[in-house]
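This report describes a two-chain complex, beginning with the contact between the chains and proceeding to the individual chains and selected residues. The sequence and structure are shown first.

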Amino acid sequence: MLLATTAALILLLVLAFLLLEAWPVLSGGGWGRFLSGEGWYPLEGRFGVLPMVWATLAVALGTIILAAPLGLAGAIFERFFAPAPIAKAYRMVLALLAGIPSVVYGLWGLTVLVPLIALWHPPGAGLFTAIVILTLMILPTVALTSASALQGVPASLLHGAAALGMNRKGVVIGVVVPAARSGIISGLLLAVARALGETMAVLMVAGNVVQYPTGLFDPVRVLTANIALEMGYATGDHRAGLFASGLMLTVMVLVLAWFSARLARDGRDG
Amino acid sequence: MADRMFTVLIWAAALLVSAAFVWLLGDLVWRGVDRLSFSFLFSEPLNAGREGGIAPILISTLLILSVALATAIPLGLGAAVWLAEYTRRGGIFGQTVRLSLDVLAGVPSIVFGLFGYAFFCSYLNMGFSILSGGLTLGCMILPIFIRTIEVGLSAVSDDWRRGAQALGMTRAAALRHILIPSAAPALGAGLLLGIGRATAETAALIFTSGYVDRTPESLLDSGRALAVHIYELSMNVTGGDQAAYASALVLIVLIIAMNAGALAFTDRWLSRRITP
């Protein structure tokens, strides 16, 4: 009882400390000042986080557009197309890849991908590179959660589809994927949450210039990277601003987690 | 014909993804293996890490991990047992705790870093230290650890509980001798997830356990974790790429080895006490 209460208290502590530390900025002008479009110039007391919010959303959106079809295709491959030994090996490799630290993805992106993309679109570090690296990073997770959702489809549906004479594409697209829909989407939402909350991989390849993303190859700075970059020397209101952006990030992720949990529950009920 | 197209597309996507990962892993091994040697593992870093080894960093990493596990395992096991065995199913308080744990599990690691910095480093006055870093990581892995074990415990059949009661075992004895050993796979899975996340973590450690790359003398010293070392070498040290790749290789091998170790541990020590 005591231990469980401690565990629950940690959540309260986390939120309390974020609020407490962010209070100086939130009280003086509130969220309005924080969300106004005046830009992030912490040394002049201007804390507009909107460019970084847009950058964060752009990175997450791009990542999911790339990772969703590839991850789903990987899951379908593993479940319906690959011969048994390949499917088993594929699963093991995915599990291994899901465990690779994000800083390693960042390292590889910085030393291999950035110079490559710089040949094509200098400076190389930017929105697009961040999207590619994050896609690689969350792909294994997307594929694994989609595969387990596909696995949950009752065999009777498959037998019924086969008895109707549907071909393999018809079975997969017309029957299995719709039946596993809520599981797949809830896995995707969790992956988006991971992409939003990821710091290191994005920090290392995104270029870190505070600006509204206008092109696919612009260098951008996301909220998480901003915290990691400036926390070391921030004091006073600047520090409070960083805590407020952490709070905001948490809220964004929580909304996603809530949707994901709701979808998973609807999937079970329906 | 459309079916053939679809098959080709699926295979192409799977191959594309595999190729990208072969490229990534190949690069890691190819670039890292040159620097990797016995002396790399057991000597001090020189010249900001460009030369020399990673011995103090490995020590700090293991210390941070030990602190994290030493907080998370007892706290997590206790909380999971309480949630699974001592709450009414569907009771309000248990549900609230479960919900807040699920919420905590989704909070980005950098936010745990902010919290650790404000709470452990500043408020509790521990400064940049291995202790603050380890405690921060402990908080971070706690929710996922608790929920995994709790699910494992709830999956144990009620017949076992009734059997234990019929034999006149106390609740604690039943837990110790029957319920926890039979939930050992879940315990192992929780440990795996926790260790994996804690070892790979960088963002939460940068401003809780700090950057210092000397061998730590006590838990209150600052120490640089391996993941932070990789970040530092690749971002802030020009010419540190090769050492960064070698460290990345060490980190991945470390994670795989610890996963295997945790699996073997739960297999041997926990399931031995019970006959299947």
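## Contact between the chains

In this predicted model, the contact between the chains draws 54 residues from chain A and 56 residues from chain B. On the side of chain A that touches chain B, the greatest contribution comes from helix α1 (residues 2–27), which supplies 12 residues. By residue class, that side of chain A comprises 39 nonpolar, 12 polar and 3 charged residues.

The predictor assigns the complex an ipTM of 0.84 and a pTM of 0.86. For chain B, the mean pLDDT is 83, with 96% of the residues at 70 or more.

## Nonpolar core

The largest nonpolar core contains 167 residues, and the residues with the most contacts inside it are V59(A) and I230(B). Beyond its neighbours up to four places away in sequence, I230(B) touches V103(A), V104(A) and L107(A) in chain A, together with A244(B), S247(B), A248(B) and L251(B) in chain B.

## Architecture of the chains

Chain A contains 12 helices and 2 strands, arranged along the sequence as α-α-β-β-α-α-α-α-α-α-α-α-α-α. The C-alpha atoms of chain A occupy a box of roughly 70 × 55 × 30 Å along the principal axes. Of its 270 residues, 47% are classed as buried. When contacts in chain A between residues at least 6 apart in sequence are considered, 74% join residues at least 24 apart.

Chain B likewise has 12 helices and 2 strands, and from the N terminus its elements follow the order α-α-β-β-α-α-α-α-α-α-α-α-α-α. Its C-alpha trace spans about 70 × 70 × 35 Å along the principal axes. Buried residues constitute 47% of the 276 residues of chain B. Among contacts in chain B with a separation of 6 or more, residues 24 or more positions apart account for 75%.

## Helices α3 and α11 of chain A

Helix α3 of chain A covers residues 50–81, a run of 32 residues. At 1.5 Å a residue, this helix should span 46 Å, and the 45 Å between its end C-alpha atoms therefore agrees with expectation. The helix nevertheless has a bend of about 30 degrees at A67(A), and a proline, P69(A), follows within four residues.

Helix α11 of chain A (residues 223–230) is mostly covered, with 6 of its 8 residues buried. These buried residues are L223(A), T224(A), A225(A), N226(A), I227(A) and A228(A).

## Buried alanines in helix α3 of chain B

A84(B) belongs to helix α3 of chain B, which comprises residues 55–86. This alanine counts as buried because it has 22 C-beta neighbours inside 10 Å, where the threshold is 20 or more. A84(B) lies 67 residues from V151(B) in sequence, yet their C-alpha atoms are 7.8 Å apart. Outside the range of four places in sequence, A84(B) touches E150(B), L153(B) and S154(B).

A79(B) is also located in helix α3 of chain B. With 27 other C-beta atoms within 10 Å, A79(B) is therefore buried. The C-alpha atoms of A79(B) and R147(B) are separated by 9.2 Å, although the two residues are 68 apart along the chain.

## Exposed loop residues

N125(B) occupies the loop between α5 (109–123) and α6 (130–154) of chain B. Its 8 C-beta neighbours inside 10 Å class N125(B) as exposed, given a limit of 12 or fewer. Most residues other than glycine have a negative phi. N125(B), which is not a glycine, has a positive phi of about 65 degrees.

G152(A) is situated in the loop between α6 (127–151) and α7 (155–163) of chain A. With 12 other C-beta atoms within 10 Å, G152(A) is exposed. Leaving aside neighbours within four places in sequence, G152(A) contacts A180(A) and G183(A). The first of these partners, A180(A), is 28 residues from G152(A) along the chain, and their C-alpha atoms are separated by 7.2 Å.

Key
Residues are numbered from 1 along each chain as its sequence is written. Chains are lettered from A and ligands numbered from 1 in the order in which they are written. This is a predicted model: local features need pLDDT of at least 70, side-chain atom pairs count only at pLDDT 80 or more; totals for chains, interfaces and linings use all residues. The expected span of a helix is 1.5 Å times one less than its number of residues. The bend at a residue is the angle between axes fitted to the seven residues ending there and the seven starting there. A nonpolar core is a set of buried Ala, Val, Leu, Ile, Met, Phe, Trp, Tyr and Cys residues joined through C-beta atoms within 7 Å. Two residues are in contact if their C-beta atoms, placed from the backbone, lie within 7 Å. Ala, Val, Leu, Ile, Met, Phe, Trp, Tyr, Cys and Pro count as nonpolar, Asp, Glu, Lys and Arg as charged, and the others, Gly among them, as polar. pLDDT is the predictor's confidence in each residue, from 0 to 100.
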